[in-house]
Each structure stands twice: as C-alpha cells, then as structure tokens.
Amino acid sequence: MKKKLIFTLAVLGFVVGGSFNAWAKKKDEFPICQYKPIVAVGDFTTENLFMGNREAAINMRDELVNQLVNSGCYKVVERGRKGIVSSGYDREQGIKAVGASRKGQKGAKSGQVTLAEKILTCALTAVSKDNTGGGISGLGGGLGGFGGGGVKVKSSKIEMTCRIYDSSTSEIHASATNSKSKVDTGVAAGGGSRTMGLGANFYTGNPLGKVIRKLIRKNLIDITKRVQKNPWG
C-alpha cells in the first residue's frame, strides 16, 4: 500500500510539474496574433556600454529584426542604415533609373515601397557608467582581439528598453523594460589574433550575447502582448 501511494504521488507530481512547466513556458512565448501591423526597426542604441566596436549595436538591431520576423506577429519592412530604404534596394532602383537594366524585367519597380505603420526602437543600458568598467571593450572585433585568459566586465546589471510608436503621429503605443542582474560576461579566448565576432557568434559564443538575445525576446513578447490587447488601426 505504501509503495502504491508513493508511486501515485510520483505520477501526480510529474503531471503537475509538467503542467506547470508548460504554463511557465507559455509566459515566454509570443501570443497568437490576429493583428499583424507593418513595422520597421529604427536604431538600436547602447548607453554606457562599450563593446570595442560600434558595430555591436548594428548586430543587435539585426537580431531584433530576426526575432520580429520569426515571431509571426508582424509584417516587417526592410530599412537599412543608409539610403531611403536600404543599400541593396537603392542600388537596384538606381540601375533601373539610369537605363542600365535589360528591358522587360519586372524587378525594381518604382513607387511600390510598403510604408511602416509602426516603428520599433530599443536601447541597451547599464546601471551606471562606472559599473561597466573597461571590460566590454575587449570584445570588439574592429579594434583588435585579446590574448589568453578572459575578459571580465564589471557591470552587475544590464537593462533593455524597447518601444513601438505610430509612424504617422509618433504616439508611443507600448513600451517594455527588462533587465538581467549579476551578468556574467566573462569570455575566454585563446591566441592573440582571435577576436570575438560581433555577428552570429556574438550571440551564441559568449554569455553577454546570450543575455542580450534573451532581453530582446522578453521585450518583444511584452510589447506584442500589449499590442494584441489593444490593436489600433
């Protein structure tokens, strides 16, 4: 009887635990989206965080775009750093405009650009300037690598704020802030010629990148839930 009771409690614990985990996981998932606004990503800024290379913010922006597209909750339009739309788009339009393209092609039609209804921007901040120290600068791919050992950052907390606003009125419709305390940003490296990449490896190859990726996701989920509860149009 005692063994049967223990077995029953174990099964019950497994079921309840599984249900709890499934519920907990849903909190970190994007909602089912009926309303899918057309959105463009503005600048991704960093404050009091120096990663040895300003490209870090650009790569964070690319990660933000990637998560927006894969969320299934937005129609995302391309906006590059330079030009009207993006360097690639502007180049193709220019080729056609000067008459260099083969006639009869359907690509690069003018006057067809989809305008964004909403603009999404994010800023990554540290608690204070003194907390960040000089450690993060060692991660820069553009300013050289670092030798054996590791890079240790003094920042005890990293915070990210994202907001979405109307492209016509500039009215902010939702804003979210998430943070991570006691961030372990130590990165080991071997060899003086090696640099920490600020591309894909920046997010998968070191603790700081993983924290940033999770903060982007948390902010997007929070904003998306608010947008779905109050779909403006």
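This briefing covers the largest pocket, the salt bridges, one strand hairpin and two buried residues of the structure above. The model is predicted. Its largest pocket has a volume of about 160 Å³, and strand 1 supplies the largest share of the lining of that pocket, five residues. Two salt bridges are found in a search of the whole structure. Strand 5 and strand 6 run antiparallel and are joined by nine bridges.

**Largest pocket**

- The volume of the largest pocket comes to about 160 Å³.
- Strand 1 spans residues 38–47 and helix 2 spans residues 55–71, and each of these elements gives at least two residues to the lining.
- Five lining residues come from strand 1, which is the largest share.
- The lining includes the run Ala40, Val41, Gly42, Asp43 and Phe44.
- Also among the lining residues are Ala57, Ile58 and Arg61, together with Arg79, Gly80 and Arg81.
- Sorted by class, the lining holds five nonpolar, two polar and four charged residues.

**Salt bridge between Arg213 and Glu63**

- Arg213 and Glu63 form a salt bridge through their side chains, with an N to O distance of 3.1 Å.
- Because Arg213 belongs to helix 6 (residues 207–229) and Glu63 to helix 2, the pair ties together parts that are 150 residues apart in sequence.
- Arg213 has a relative accessibility of 34%, so it counts as partly exposed.
- Glu63 counts as buried because its relative accessibility is 8%, and the cut-off for buried is under 20%.

**Salt bridge between Lys118 and Asp166**

- The other bridge, between Lys118 and Asp166, has its closest N and O atoms 2.9 Å apart.
- Lys118 lies in strand 3 (residues 118–126) and Asp166 in strand 5 (residues 157–166); the pair links distant parts of the chain, 48 residues apart.
- Lys118 has a relative accessible area of 3% and is therefore buried.
- Asp166 also counts as buried, at 13% relative accessibility.

**Hairpin of strand 5 and strand 6**

- Strand 6 covers residues 172–181, and nine bridges join it to strand 5 in an antiparallel arrangement.
- One bridge partnership pairs Arg163 with Ser175, the latter in strand 6.
- Five residues lie between the two strands of the hairpin.
- Within this hairpin, Ser170 takes a positive phi near 70°.

**Cys73**

- Cys73 sits in the loop that runs between helix 2 and strand 2 (75–76).
- The relative accessible area of Cys73 is 1%, so the residue is buried.
- With residues up to four places away in sequence not counted, Cys73 touches Phe30, Pro31, Cys33, Tyr35, Lys36, Pro37 and Thr224.
- From Cys73 to Gln34 the C-alpha to C-alpha distance is 7.8 Å, while the two residues are 39 residues apart in sequence.

**Thr121**

- Thr121 is part of strand 3.
- Its relative accessibility of 14% means that Thr121 counts as buried.
- Apart from neighbours within four places in sequence, Thr121 contacts Gly42 and Asp43, and both of these residues are in the lining of the largest pocket.
- The other contacts of Thr121 are Thr161, Cys162, Arg163 and Tyr165.
- Arg163, one of these contacts, is the residue with Ser175 as its bridge partner in strand 6.

Technical notes: Residues are numbered from 1 along each chain as its sequence is written. This is a predicted model: local features need pLDDT of at least 70, side-chain atom pairs count only at pLDDT 80 or more; totals for chains, interfaces and linings use all residues. Side-chain values use heavy atoms; hydrogens and water are left out. On a 1 Å grid over the protein atoms alone, a cavity is a set of points where a 1.4 Å probe fits but cannot get out, and a pocket is an open set with protein on both sides within 12 Å along at least five of seven lines; lining residues have an atom within 4 Å of a point. Grid points are joined across faces, edges and corners, and a volume is the space filled by probe spheres set on the points. Helices (H or I, at least four residues) and strands (E, at least two) are DSSP runs, numbered from the N terminus. Ala, Val, Leu, Ile, Met, Phe, Trp, Tyr, Cys and Pro count as nonpolar, Asp, Glu, Lys and Arg as charged, and the others, Gly among them, as polar. A salt bridge is a side-chain nitrogen of Lys or Arg within 4 Å of a carboxyl oxygen of Asp or Glu. Buried means under 20% relative accessible area, exposed over 50%, partly exposed in between (1.4 Å probe, protein chains only). Two strands pair if DSSP finds at least two bridges between them. Contact means heavy atoms within 4.5 Å.
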